[in-house]
Every structure is written in structure tokens, then in C-alpha cells.
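These are my notebook entries on a structure that is new to me, written down in the order in which I looked things up. I begin each entry with a topic and then follow it through the model.

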Amino acid sequence: MKQVYFLSVFVVMCFTPQCFFGQGIIIQPGAYVTVQNTASIKTTGTAGIVLKSKAASGTGSLADFNSTGGVAFLGSGTATVERYISGAPWAWHMLSSPVASQAISGEFTPSATGYDFYTWYEPQLTWVNFKNTSVAPTWGTANNGKTDFIPGTGYLVAYEAANPTKIFQGTLNSGTVNFGLTYGGQSTYKYFNLVGNPYPCAIDWKASSGWDRSNLVENGSGKYDYWIWNDAAGNYGVFNSGGADGSGTNSVSRYIATGQGFYVLAKQSGNFAIDNGVKAQSSQSWLKSAETESGLLRLKITSSANAFSDEMLVEFDPESEGGGSDKFWSFYTEAPELYSVKEGKNYAINRYNSFSYDLVVSVATKTGVSATYTIQAKDIAGFSLSNDVWLKDQKTGVITNLKQTPSYSFTGSPGDNSNRFQLCFRSISAVQELNKADFTVVASGKSIMIRRNDANKPCTVQVFNVVGQLVSSCRMNGEAEIQI
């Protein structure tokens, strides 16, 4: 039988008891195959199954929903999973293996060119290089004594070669994959564990089944954060399982690509488990771009000094319990960083369960080099909760209505106060009520006179300054006229 190619426009779903391919199957970039209902794919010969990966069209995907695995090789075939990784020389990436017993030596630690290959050792909050066999903790200590990828574990890699395509070969991971969380560190990144997508398909952080996250810290009832390093931005991105589809920062979304490592936050030592219920058919590239949501305000910072960037979100959701998703600091001192400070905590995503037109949000920056920086409100036209969004530079006193001018540039340097900016709002509902109200307002000097035609209706009168801060508040219970 001829070798079978699935082109990017094809979708193949195998539901019959067996699908035979004589010389193997190639799943092209952008194509995906689903195996379920006890069906199986069987190949003979030596070709096995190959999942291709390219820059523009993503990676081929195979989602096997059978508990014991529906992919079998009748001959000596094996699975080959390519993973194209975009990036400049020595760019950092978080990596995970979609096959069992994949050796780290060879393909992933090339002798012809330079590389770095690390595992994260949470008990001592340190990165351990694969080259480290003498200084504690050694590689063997940090990687459970193994020189292979451990399924469900994430690793940090960098290669001298730009845009490498790495090749995984072996038996495809399927069914339940367990990761033993540790809970021992005592500084900035204590309790963070580096895990990974173990399957040859994307996984869905918002999936209603398939996750055992009982030993992770909840950020909202039944909601959990995860973080991915984005080297193009020079910063981490974060996504919360309770957020809208587009509510992640720095291109991190609900879907975690095959071959992708990611951080989770443990609340205690114990098991973190993944099974087939989290699998999703998405042939996405390394990271997925965000979508626009009406209750999200997305700010992005860029610098004239380099191509790095960062994002923060202000999210309004009635189901939110407030708080936010933690800010992870960049590897690079020269990368700009943007975050919000609330109640002494630093957030990449700052959440509120209701919108208030007198709300003032603290916006902090890290300007690691002297340069011109720009804060841009992304897709702000879709933010429908307020007619006005004011950005105040507390250093210069400049106030910008981002709804009218969606970006603001400023000079920054390493010595600047990080808590430099404020966001203020003016609500649509307040303007609408003003237009409908049966009263007259007259301002003269420092006085405001308010007269009402119907004094029988009690109301509250509030006065705000141009940046949305409340400066006066009083009640009119029966008066026809008051002066403020």
C-alpha cells in the first residue's frame, strides 16, 4: 500500500475498529487526526506515523482518546513528532516530549553546535544544566535519576542554531500522565513546578475534565493559572482557566501546544495528573494570539532600545473573586515590563468583579535601559465598559484619554519609580443617567449649584476630577437646590 499523506486541508477521524496503512502515515502541518470509540490506527513497515511541523502552518496533530492507546505498529515502525521552534540563536524555550523514553542526548544536546538544556529543581529554586554531573544538585538528582525526557515534565532549552526543528521518536504518550509536585522553595518562585504537555496534540487548560489540579493553588473557585515563557517578547505570559478565551498575556491562551512546557503553582506536594479529557484538536504554532473581549483592557509596552515587549490586563468579570494572576519577571534586564500593583501584590492580570467609574488602577513599569517607551491600549475600541480610559503619568503629569489616543510614549530609565502610572475610567451608565436627569447644573468659580424639578426623589451627587477621582459626595433627600 502507498504511503499516505494527509494534507493541511484534510481532517481524518478514525471511528471504525481498525484503519490500516501499509507504509505509514504522514500528518502534514495544519492537519489533524482523531482516534476514538476504541478505533485504532495500525501501520506496517518501518515508516510508522510522522507528524510534520513548519513555521507558517503549525504542527500536525494526533488526538488519541482511547484509554489504552489506539495507535499500533505491526512492523518495526515508530512515531516521529517534529517540533518547529521559532526564535533567534540562543532564544529560550520551554519544551516537553510527546513520546515516552525520548533520550535527551543527541538530538536535543547537539555536539556540533552550542546548546543549553535545563531542568527546574523547585526544592532549591535552581536551574540544573544537563551538563552538570558534579555540582549538587546534579542532573541525576534534579531529573529523578533519568537521562530521558520524563513525560509531563517541562524543560528549558536554548540552541545556537536559529529556528530549530527538533525530532521526537518513540511510543506516543496517551492516557493518564502524572507529575509529582514538589513544595520546598523559599524565595520568589517558591512552589512553582515546570510541567509539560505530554501528548502529540494541543491540550485545553479550560477543559472540564481530564485535569487533576487538586494540589494547585486556586485563583478563584476552581480556577488555575499557568505561565509560559515567550522569548520573542522577552517575558512570561499567563492564562487563567476561568478567563475568557482571549484573556491571556503575551500570546498565551487556553490551548497549550504539543511539545510545550509550562509553569503551575503548587499549594502542597502531591500529584498533578493529565488524561485524555484535556486533549484538543488545534494545530497551533508555539503560542496562540489572543482574541478581543469587551470586558478586557489590554496594555502593551514596547521600547525603542530592542524588540522586547510585555502585556498586562485589567479584567472585569462578575464571576471573578478579585485578585489577579501573578507577574513573572523576565530573564532579561533590558526587556520592558508592565504590571499592576494591588494590595501589595504584582499582577500581570488584575481582576475586578464589577466596574466602577471611580476606580483607579495602578500601572507599574520596569524600564531596564534608558530609552523611549510606548504604552499602547490594544483593541481598546472593543472595551465597552467606559467611554473614557485615562492614563496618567504621575512623573510628568501628562493625562491621555486612551479611547481617543490609544498610545502614550515616555522617556524611561533604570532609576525610575516603577509605580509611575494610573488608569482611570468614566462609565457609560453615569453619562446616560446625567442626560436623562431632570435637573440643572451651574458651575461658577469653585462652586457647583444643582437645582431639581422633582425634589421628592432622593439621590446621591458625586463630583469627580478629570482623571476620574472622587472629590465630593453628598445626598439630596428632599432639597430642591444644593451648592457644592
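**Entry 1: a pair of rings**

Is Phe-117 buried or exposed? I looked this up in what is a predicted model, and found that Phe-117 is buried, with a relative accessible area of 0%. Tyr-155 is likewise buried, and its relative accessible area is 0% as well.

I then turned to the aromatic pairs, of which the structure holds 47. One of them is formed by Phe-117 and Tyr-155, whose ring centres lie 5.4 Å apart with 40° between the planes, and this pair is tilted. The pair links distant parts of the chain, since Phe-117 belongs to strand S14 (residues 115-121) and Tyr-155 to strand S16 (residues 155-159), with the two positions 38 residues apart in the count along the chain.

For a second example I took Phe-410 and Phe-421, whose ring centres are 5.0 Å apart and whose planes meet at 65°, so I noted this pair as edge-to-face. Here too distant parts of the chain are linked, with Phe-410 in strand S37 (residues 407-412) and Phe-421 in strand S38 (residues 421-427), 11 residues apart. I recorded both Phe-410 and Phe-421 as buried.

**Entry 2: the core around Phe-117**

Which residues touch the most other members of the largest nonpolar core? I found that this core has 31 residues, and that Ile-27, Phe-117 and Phe-149 are the ones with the most contacts to other members. Two or more residues come from each of strand S4 (25-27), strand S5 (32-35), S7, S12, S14, H1 and S16.

I followed Phe-149 further and, leaving aside its neighbours within four places in sequence, listed its contacts, which include Phe-117, Tyr-155, Leu-95, Ile-104, Phe-108 and Phe-168. Apart from this core I noted another one, of 25 residues, among them Leu-297, Ile-301, Ala-371 and Tyr-408.

**Entry 3: strand S12 and its partners**

How many residues of strand S12 (residues 79-84) are buried? The count is 6 of the 6, so S12 is largely enclosed by the rest of the structure. In a regular strand the side chains alternate between the two faces of the sheet. In S12 I saw Ala-79, Val-81 and Arg-83 point one way and Thr-80, Glu-82 and Tyr-84 the other way, and all are buried.

Strand S7 (residues 49-51) runs parallel to S12 and is joined to it by 3 bridges, and Val-50 has Thr-80 as its bridge partner in S12. With strand S17 (residues 165-170), S12 pairs in the antiparallel sense over 6 bridges, and there I found Glu-82 matched with Ile-167 of S17.

**Entry 4: a sheet with two edges**

I also traced an open sheet of 3 strands, which has the order S18-S26-S21 and antiparallel pairing. Strand S18 (177-181) and strand S21 (211-212) stand at its edges with a single partner strand each, so one side of each is left without a neighbour in the sheet. S21 pairs with strand S26 (residues 270-274) over 2 bridges in the antiparallel sense, and the bridge partner of Asp-212 in S26 is Ala-273.

**Entry 5: charges over rings, and loops**

I looked up two lysines whose charged ends sit over a tyrosine ring: Lys-131 over Tyr-115, 4.6 Å from the ring centre, and Lys-342 over Tyr-352, 4.2 Å from the ring centre.

Where is Glu-343 found? Glu-343 is in the loop between strand S31 (337-342) and strand S32 (345-352). Glu-343 has a positive phi of about 55° although it is not a glycine, and it is exposed, with a relative accessible area of 77%. Asn-250 also has a positive phi, of about 50°, without being a glycine; I found it in the loop between strand S23 (235-240) and strand S24 (255-256). Asn-250, however, is buried, at a relative accessible area of 5%.

My last loop note concerns Pro-137, which lies between strand S15 (126-129) and helix H1 (139-142). The peptide bond that leads from Ala-136 to Pro-137 is cis, with omega near -5°.

Notes
Residues numbered from 1 in each chain as written. Predicted model: local features only at pLDDT ≥ 70, side-chain atom pairs only at ≥ 80, totals over all residues. Heavy atoms only, no water. Phe/Tyr/Trp six-rings, centres within 6.5 Å; stacked < 30°, edge-to-face > 60°. Helix = DSSP H or I, 4+ residues; strand = E, 2+ residues; numbered from the N terminus. Buried < 20%, exposed > 50% of the residue type's maximum accessible area, 1.4 Å probe, protein only. Lys NZ or Arg CZ within 6 Å of the ring centre and 35° of its normal. Pairing = 2+ DSSP bridges. Core = buried A, V, L, I, M, F, W, Y, C linked by side-chain atoms within 4.5 Å. Contact = heavy atoms within 4.5 Å.
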